[in-house]
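Here is a short note for a colleague coming to this structure for the first time. Please read the points with the structure open.

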Amino acid sequence: MKKKLLALLLALTMVLALTACGGGGDKPGSAPDSSGAKTVKVGLICIGDENDQGYTYNFIRGKDAATEALKAKGINVEWSVKWNIGEDSGCEDANTELAEEGCQLIINNSFGFEPYMLKVAPDYPDIEFVACTNQASWNDGLDNTHNAFANIYEGRYLAGVVAGMKLQEMIDDGTITADQAVIGYVGAFSFAEVISGFTSYYLGAKSVCPSVTMKVQFVGSWSDATEEANAASSLCDAGCVMISQHSDNTTPATTAQSKGAFHTGYNNDMISVAPDASLIGTRIDWSVYFSYIIEAVANGQSFDQDWCHGMDQGAVVMTDLNEKIAAKGTADKLKEVEEQIRSGKLQVFDTSTFTIGGAPLTNAFALDTDGDFTPDSEEAVFDGAFHESHFQSAPYFQLRVDGIEWLNEAWG
């Protein structure tokens, strides 16, 4: 009897040890409660809060929509959110605190969070860590770290089409001349993510307004409402009649309105704050990705270490079109171009649509100083187009195309 009891205790000890270590393969899912529902505890680390009405607010929209979608599948999500965390050691502390709280999944929402997240992840191999809009986690040798982004350049191209149609309408009715069709772009940093975004936006505008040019002003921060407003004001003073942005706040929109310029936004519908200026916006619908990874954790399943989708899965969406001020025919044109992108008929970075230093982009010319665009040394230019986010989720387009003037640089 004692031998049987001892054997049973040893077996139980081994099971518990294997569970604590992960046991290899897929990890245990969440146990259902008496109603059959599963609960997943998820940590979310944010660089701002929902009051920015931009970047972090868009993540909160994704969080809330995913929670509702998963509830319908019998999965409850218990969120623990860390607000206004800096891209510094405070982010490392936030990851550790969430891990110690028992979170099964921890999502970091800002580009600069990843190095600090990666300091914590090795100590908690049974917790999944995600770095959104980043690039080092999917090939760092750790099984529990992940990268995720979306093909937001598709949405930016469409926003550019809306802007270009308005500019062309202004040219046609004599409000501006062809050479006055100048876009001002408020950018955070001179990173590939931002360069990719404003280039795709410019190409969308150029597809319907051939004379368009662009000026880019970098502010050196992802979220600085005052500097974003100052940059938008300077761009308007420099002759820009259309403002767009890759920055977190609504101040470029309100400044554009105060200066008599038009605007297209990012992360949120900005019509409410600038009804006479803001034409449309584009955003990532993070609920698509959040639902995917939380359901995987609930069921003890693995999920992609590097995830990227766009309009094909509804991960990139457009905000409402301000038809009160949009050019005539914009809604129909939007539907047409979106379908072309979704079907693959239209490639945003079609190499026949832009030049660099007066020359077309070719495979040989496309090589950067390291000899490749992506970590796995793949060539990004093939089949007549630069294939952004094809080999990794994080953008890697960082070429300076003709027609776009950089007024400054900000590398962080």
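Which residue of strand 7 does Y185 stand opposite?

1. **The pair in question.** Y185 stands opposite V216 in strand 7. Please note that this is a predicted model. The pair belongs to a longer contact between strands: strand 6 and strand 7 (residues 213-218) run parallel and are joined by six bridges.

2. **The other neighbour of strand 6.** Strand 8 (residues 242-246) also runs parallel to strand 6, and five bridges join the two. One residue to look up here is G187, whose bridge partner in strand 8 is H246.

3. **The connection.** Follow the chain through strand 6, helix 6 (residues 192-206) and strand 7. Together they make a β-α-β unit, and its hand is right.

4. **Burial of strand 6.** Strand 6 spans residues 182-187, and six of its six residues are buried, so the rest of the structure largely encloses it. Both faces take part. V182, G184 and V186 point one way, while I183, Y185 and G187 point the other way, and all are buried.

5. **The chain overall.** The protein chain has 412 residues, and 54% of them count as buried. Its secondary structure comes to 11 helices and 17 strands. Take the contacts with a separation of 6 or more: 67% of them join residues 24 or more positions apart. The exposed area is about 17300 Å², with 51% of it supplied by carbon and sulfur atoms.

6. **Two backbone angles to check.** Most residues other than glycine have a negative phi. N84 has a positive phi, near 50°. T133 also has a positive value, near 60°. Each sits in a loop. N84 is found between strand 2 (75-82) and helix 3 (89-100). T133 lies between strand 4 (128-132) and strand 5 (145-150).

7. **Their surroundings.** Are these two residues buried or exposed? N84 has 47% relative accessibility, so it counts as partly exposed. T133 has a relative accessible area of 3%, so it is buried.

8. **Cysteines.** How many disulfides does a search of the whole structure find? The search finds zero. A disulfide would be a covalent bond between the sulfur atoms of two cysteines. For the record, C209 is buried, at 0% relative accessible area. C308 has 18% relative accessibility; the cut-off for buried is under 20%, so C308 counts as buried.

Technical notes:
Residues are numbered from 1 along each chain as its sequence is written. This is a predicted model: local features need pLDDT of at least 70, side-chain atom pairs count only at pLDDT 80 or more; totals for chains, interfaces and linings use all residues. Side-chain values use heavy atoms; hydrogens and water are left out. Helices (H or I, at least four residues) and strands (E, at least two) are DSSP runs, numbered from the N terminus. Buried means under 20% relative accessible area, exposed over 50%, partly exposed in between (1.4 Å probe, protein chains only). Contact means heavy atoms within 4.5 Å. Accessible areas come from the Shrake-Rupley method with a 1.4 Å probe; for residues, only the protein chains shown count as cover. A disulfide is a pair of cysteine sulfur atoms within 2.5 Å. Two strands pair if DSSP finds at least two bridges between them. A crossover is right-handed if, with the strands pointing away from the viewer, the path from the first strand over the helix to the second runs clockwise.
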